[in-house]
Amino acid sequence: MSFTPEIPVELQIRKIIFEKFNEVDTIFTNDSIFEILKTDGDINPSWIIDDLEPFINDLCDSGLARNVAQNFTTIHLKLFDAVEKLHCNACNQDIFLGKSEDRVCPNSSCKSTI
Ligand SMILES: [Zn+2]
């Protein structure tokens, strides 16, 4: 069965980071993001932590955060810069970008220049 969240998962994850972990000195984990997604988010209920990994890799590839340690499935992350809230008029979503990230919408089905 396919599952399509109302807000793309990559945007939900960035919102959680903005709201809960928006401190450059704070180390947070994929596990804590996943717990919040399961409780308050809109994800496929059958997901396990491994399903989050491509999204976490994207955060690292785009320069929002870096992987500072990993043991088994737990990835420890640290922000490069504070995250700010913006709005993308192309997809009409609130988006969250690190201050040094490219001004491109992180919605994978949008990718518009902000
Ligand atoms: Zn957009």
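Which residue does the side chain of lysine 99 meet in a salt bridge? In this predicted model, the partner is glutamate 84, with N and O 3.4 Å apart. The two residues come from distant parts of the chain, since glutamate 84 sits in strand β4 and lysine 99 in the segment after β5, 15 residues apart.

Glutamate 84 is a good place to begin a tour of the charged side chains. Its relative accessible area is 25%, so glutamate 84 counts as partly exposed. A salt bridge also runs from glutamate 84 to arginine 103, where the closest N and O atoms are 2.8 Å apart. Because arginine 103 lies in the segment after β5 and glutamate 84 in strand β4, this pair ties together parts that are 19 residues apart in sequence. Arginine 103 is likewise partly exposed, at 27% relative accessibility. Through shared partners, the salt bridges join Glu84, Lys99 and Arg103 into one network.

The whole structure holds 6 salt bridges. One of them brings together the side chains of arginine 14 and glutamate 101, at 2.9 Å from N to O. Arginine 14 belongs to helix α1 (residues 9-20) and glutamate 101 to the segment after β5, so the contact ties together parts that are 87 residues apart in sequence. Both arginine 14 and glutamate 101 are buried.

Attention now turns to the metal site. A zinc ion has four cysteines as its protein donors: Cys88, Cys91, Cys105 and Cys110, each through SG and lying 2.3 Å from the ion. The angles among the 4 donor atoms range from 106 to 112 degrees, and the site is tetrahedral. Along the sequence, the donor residues follow the spacing C-x2-C-x13-C-x4-C. Of these donors, cysteine 105 is buried, with a relative accessible area of 0%. Cysteine 110, at 19%, is also buried, because the cut-off for that class is under 20%.

Two loop residues round off the picture through their backbone angles. Phenylalanine 72 is not a glycine, yet its phi is positive, at about 55 degrees. Its place is in the loop between β2 (65-71) and β3 (74-79), and phenylalanine 72 counts as exposed at 80% relative accessibility. Asparagine 92, a residue other than glycine, has a positive phi near 60 degrees. The loop that holds asparagine 92 runs between β4 (83-88) and β5 (93-98). With a relative accessible area of 56%, asparagine 92 is exposed.

Definitions and conventions:
Residues are numbered from 1 along each chain as its sequence is written. This is a predicted model: local features need pLDDT of at least 70, side-chain atom pairs count only at pLDDT 80 or more; totals for chains, interfaces and linings use all residues. Side-chain values use heavy atoms; hydrogens and water are left out. Donors are N, O and S atoms within 2.8 Å of the metal (3.2 Å for Na, K and Ca); water is not among the atoms, so sites may look incomplete. Four donors count as tetrahedral if all angles lie between 85 and 135 degrees; four count as square planar and six as octahedral if opposite donors are over 155 degrees apart and all others between 65 and 115; anything else is irregular. Buried means under 20% relative accessible area, exposed over 50%, partly exposed in between (1.4 Å probe, protein chains only). Helices (H or I, at least four residues) and strands (E, at least two) are DSSP runs, numbered from the N terminus. A salt bridge is a side-chain nitrogen of Lys or Arg within 4 Å of a carboxyl oxygen of Asp or Glu.
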